[in-house]
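Q: Hi! Could you walk me through this model, taking the contact between the chains and then the cavities?

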Amino acid sequence: MLDIKNISVTFSPGLPNELKALRCVTLQIPEGSFAIVIGTNGSGKSTLLNAIAGVFPVDEGCIRLGGTDLTRRPEHWRALRIGRVFQNPFSGTAPNMTVAENLALAAQRGRARGLGLALNRQTRNLIRNRLENLKMGLENRLDTPIGSLSGGQRQAITLLMATWNKPSLLLLDEHTAALDPQSAAQIVQLTNEIVQHNQITTLMVSHSMAQVAAFGSRVVMMHQGEIIHDVSGPSKQRLRAEDLLAIFEEVRRGDQLDPSAAELLRQRYV
Amino acid sequence: MNLLLSALTIGLILSLLALGVYISFRIFDFADITADGSITLGAAVAAVLITHHVHPLWATLAGALSGGFAGAATALLHVRFRIHPLLSGILVMTALYSMNLHIMGRSNIPLISERTLASVAEQWIGTCRGGSPFINFLGWEIPIRDAAMLAAMFGMITLAGIVLDLFFRTHLGTAMRATGDNAQMMRALGVDTGRMIIIGLIISNSLIALSGALLAQYQGFTDVQMGIGMVVWGLASVIMGESLVRSRQLGLAIMGAIMGSVLFRLLVAIALRWGLNPNDLKLITALFVFAALTSPRLLAWIEKRRRAAKQLN
Ligand SMILES: Nc1ncnc2c1ncn2[C@@H]1O[C@H](COP(=O)(O)OP(=O)(O)OP(=O)(O)O)[C@@H](O)[C@H]1O
Ligand SMILES: [Mg+2]
């Protein structure tokens, strides 16, 4: 269970370009559920995920995961329980190291990194088995540097790395956005399989309305650093792409009225 | 012949410097120029202990260890206080200059008449071979002292290379390499990347200080100025090694750094023999690194021009 209470994040506080990227966001995601975050560009989706992961500290509020308070913990401490896949396929893997080495690093998450050999026969077999499940033929390329794989292959491996030891929370930030439609579909399918199979609590940012309609049990919409819509249960199941687009459009139109203009209008008509 | 022998030995000793530079510059992509100070620190600590009649082996180890502290200082400046890597190195290197003078008490300590690793090795082989101060190698009469030192250094550097290669294949070593390759990913995998950098620079500067401690004992003195320009020297060796092995694979890269250091020293010895002014050595070294850093782009540009010309025909 992820429990976020009143978190705010401000970039460049006190400077002319000060920006409130998150404003008192409160969100609870029950154990094992799959929530999708949508919103316009710059609405704070990535900021929310990064704040949960601990990339930067929050100004106020608290973040708890499974009862543990994470608010003051550093990024690498939280990462022992949180798996992450980034938008950029280059971010999730070490390009100059081999497929096997990358996965071995992930397999060691949460364990002491001591002076044992990272890649023994047993680990290699385990890695080969898990790669076979991806059905991408990667099990034959254990010793290839990851940098020479395609974006889709790298995202698949990153996904495998993020979920190797079941995390308490999985954060996916538009992890298919940089891929061609075919690879994107493949990765979404894979994501769904892994998340369903392991019952991983997941928070996924997506720009694809088709994905939003097809996956997850809940949709959270953000705008200007706030959560403005939260749909779950049967209404999420009935949710169509068109409905979402309509809401988006409404929000966007609302945006064109800046606060002072809105105030003038209100004074005149109300 | 003696010239060749001494070039080989110094090349081997400085290959520890090259390995240290390889770890910071290549594995961590951390432009650590503490080396200029830590190589002298290692030499200073070892020399002072030796003049106080500590066994040279312990003195050498203490020298290496002191370099570890210097590396830790640089890494901490960067990791904890978020100072730019280059500036962190400059700060520690500058501070070390005073520290080294304090440790040494003067600017030069002669070691010729002291019991050093060189004299121990000489004694050791001498007793194995009986009285003669020369050893016959393929018809050459080689002073035992030089032969013993070369053999000892060869053994030691081989060992260091193997240990490093193994180390970088362990869980810890792999995590360190990955930190240099993609730090963001390592944090997302639960690794404190700051700690990896600290451990990395400790290892790197220990090797560099060890190189200094050995160099002092081989050349017979420690001088407070001996570290000047050593980072560039190490970098030149690493670059030369890379062009020799043409591989980024770990074991080969380590071997390349060692071979590069020896080859570079040999080339320098030959150039000096041909009448290169020793004062120009650092200038030439810097020019070499400059050429090596820019030549890939230059070659690519020439290749492009050539291809364009071909297409015109
Ligand atoms: N590190 C940062 N420093 C300063 N400003 C930032 C930083 N990261 C994000 N921002 C700003 O915060 C706001 C929210 O950004 P965020 O990346 O969370 O948006 P997003 O919803 O993920 O958008 P997108 O759909 O384009 O990915 C934006 O205005 C962005 O410019
Ligand atoms: Mg984003």
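What follows is a short chat about the interface and the cavities.

A: Happy to. This is a predicted model, where local features need pLDDT of at least 70, side-chain atom pairs count only at pLDDT 80 or more, and totals for chains, interfaces and linings use all residues. Residues are numbered from 1 along each chain as its sequence is written, chains are lettered from A and ligands numbered from 1 in the order in which they are written, and side-chain values use heavy atoms, with hydrogens and water left out.

Q: How many residues does each chain bring to the contact?

A: Chain A brings 29 residues and chain B brings 20 residues, with contact meaning heavy atoms within 4.5 Å.

Q: And what area is buried between them?

A: About 2200 Å², with carbon and sulfur atoms giving 61% of that. Buried area here is the accessible area (1.4 Å probe) that two parts lose on being put together, summed over both. On chain A's side, A:His76, A:Leu105 and A:Arg113 supply 26% of the area that chain A buries against chain B, more than any other three residues.

Q: How many salt bridges are there between chain A and chain B?

A: Two, counting a side-chain nitrogen of Lys or Arg within 4 Å of a carboxyl oxygen of Asp or Glu. One salt bridge joins the side chains of B:Arg177 and A:Glu101, at 2.9 Å from N to O.

Q: Which helix of chain A gives the most to the side that touches chain B?

A: Helix 3 of chain A, with four residues. Helices are DSSP runs (H or I, at least four residues), numbered from the N terminus.

Q: Switching to cavities: how many of 30 Å³ or more are there?

A: Two. A cavity is a set of points on a 1 Å grid over the protein atoms alone where a 1.4 Å probe fits but cannot get out, and lining residues have an atom within 4 Å of a point. Grid points are joined across faces, edges and corners, and the volume is the space filled by probe spheres set on the points.

Q: What lines the largest one?

A: The largest cavity holds about 70 Å³ of space. Its lining includes A:Phe86, A:Met161, B:Met185 and B:Leu189. Helix 5 (151–162) of chain A gives the most to that lining, with three residues.

Q: And the second largest, what lines that?

A: That cavity has about 30 Å³ of space. Among its lining residues are A:Leu105 and A:Arg113, along with B:His171 and B:Thr174. Both A:Leu105 and A:Arg113 came up earlier, for the area that chain A buries against chain B.

Note on methods
Helices (H or I, at least four residues) and strands (E, at least two) are DSSP runs, numbered from the N terminus. On a 1 Å grid over the protein atoms alone, a cavity is a set of points where a 1.4 Å probe fits but cannot get out, and a pocket is an open set with protein on both sides within 12 Å along at least five of seven lines; lining residues have an atom within 4 Å of a point.
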